[in-house]
Amino acid sequence: MPKKIVNQADDVVVEMMEGFVAAHNRYYEKMDHVNGVLYKQRRSGKVALVIGGGSGHDPMFAGFVGRGLADAAACGNVFASPDPGTIMEVGQAVHTGKGILFLYGNYSGDNLNFDIAEEMLQEEGLKTAHIRTWDDCASAPPDRMEDRRGIAGNVFMIKIAGAACDAGLPLDEVVRIVQKARSELRTIGVATSPGQIPGAEKPTFQLAEDEIEYGMGIHGEPGIQRAKMCSADELAQVMYWNLTKDIPLTAGDEICVLINGLGSTTIMEMSIVFRKVKSLLDLDGINIHDADINNYCTCMEMGGFSISVLKLDEELKKYYDYPCHSPYYSREER
């Protein structure tokens, strides 16, 4: 069992958030009675963007609150949705009269609790909308997109949504743009070893020492294929094939690429993967507008990584290039 640097397992999320906000109190404040993180320098007169989900995917979600990103995050327990009361209070805290967009991964608990919170806010006269991220192309076939899970593609979704909100667009226009981004976004992952929830007796799943699993979810949900461990180039080739089968790319297309680590895989290893991905894109004549290699949407200390691809048009490129900053994710104006 991996060693965990914690006090009591039941206190992990509260103590994590207290430390997180204390370290970054220039940017953040924590709500008093719920696990909500607010951006201190948020401005009025725009749609409020609220993100959220279970803890344990750090720095997702609280680390994506900031300038040009989300105004607040509602955080649940480890791998558990925030409750409707938390989501409602976070929404109330950042609402400035232009409406609230809730953005979160497509999981049953999140869907239920965010829906309930929206209904309560709408009863108070607040205008709300939601968008569920469903970028994991291994979790359901293309004709069931709405059944797919949201994973590392959340990074691109929050980036686009935050820019559209900061541009002062009305809620329905923000929704249109972010839905467009979602339709052009795909992710595929591979796991090499499990993560361990604090206090749990067993890891999130089991893999033999020489095994990997393609399509494994970020909570340990089953993937699509187990195989023997292979080289970085072979891994990248298989994952690239799965991505391009699901989101057809043609020569001249422009994309953003994210190699996201799941917790214990190093930047060195992921850089080797990106090297191969870029060579495959070059062969197909696909242009990389921007690329990133980092650990953004993790699963405790799970081994492995995912590859996300966002296909751009001129409108999406405009919002992707909008500057943003948080202690964990920043983009300069291009």
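Me: When does a charge sit over a ring here?
Reply: When NZ of Lys or CZ of Arg is within 6 Å of the ring centre and within 35 degrees of the ring normal. The model is predicted, so local features need pLDDT of at least 70 and side-chain atom pairs count only at pLDDT 80 or more, while totals for chains, interfaces and linings use all residues. Residues are numbered from 1 along each chain as its sequence is written, and side-chain values use heavy atoms, leaving out hydrogens and water.

Me: OK, which ring does Arg-182 lie over?
Reply: The face of Trp-134, with 3.7 Å to the ring centre.

Me: And Lys-159?
Reply: Lys-159 lies over the face of Tyr-320, 5.9 Å from the ring centre.

Me: Switching to aromatic pairs, how many are there?
Reply: The count is 9. Rings of Phe, Tyr and Trp (its six-membered ring) pair if their centres lie within 6.5 Å; planes under 30 degrees apart are stacked, over 60 edge-to-face, the rest tilted.

Me: Why is Phe-102 with Phe-114 edge-to-face?
Reply: Because their planes are at 65°, with the ring centres 5.8 Å apart.

Me: Where do those two lie?
Reply: Phe-102 is in strand S5 (residues 100-105) and Phe-114 in helix H3 (residues 108-123), so the pair ties together parts 12 residues apart in sequence. Helices (H or I, at least four residues) and strands (E, at least two) are DSSP runs, numbered from the N terminus.

Me: Buried or exposed, Phe-102 and Phe-114?
Reply: Both Phe-102 and Phe-114 are buried, meaning under 20% relative accessible area (exposed is over 50%, partly exposed in between; 1.4 Å probe, protein chains only).

Me: Which rings form a cluster?
Reply: Phe-20, Tyr-27, Tyr-28 and Tyr-328, linked by ring pairs.
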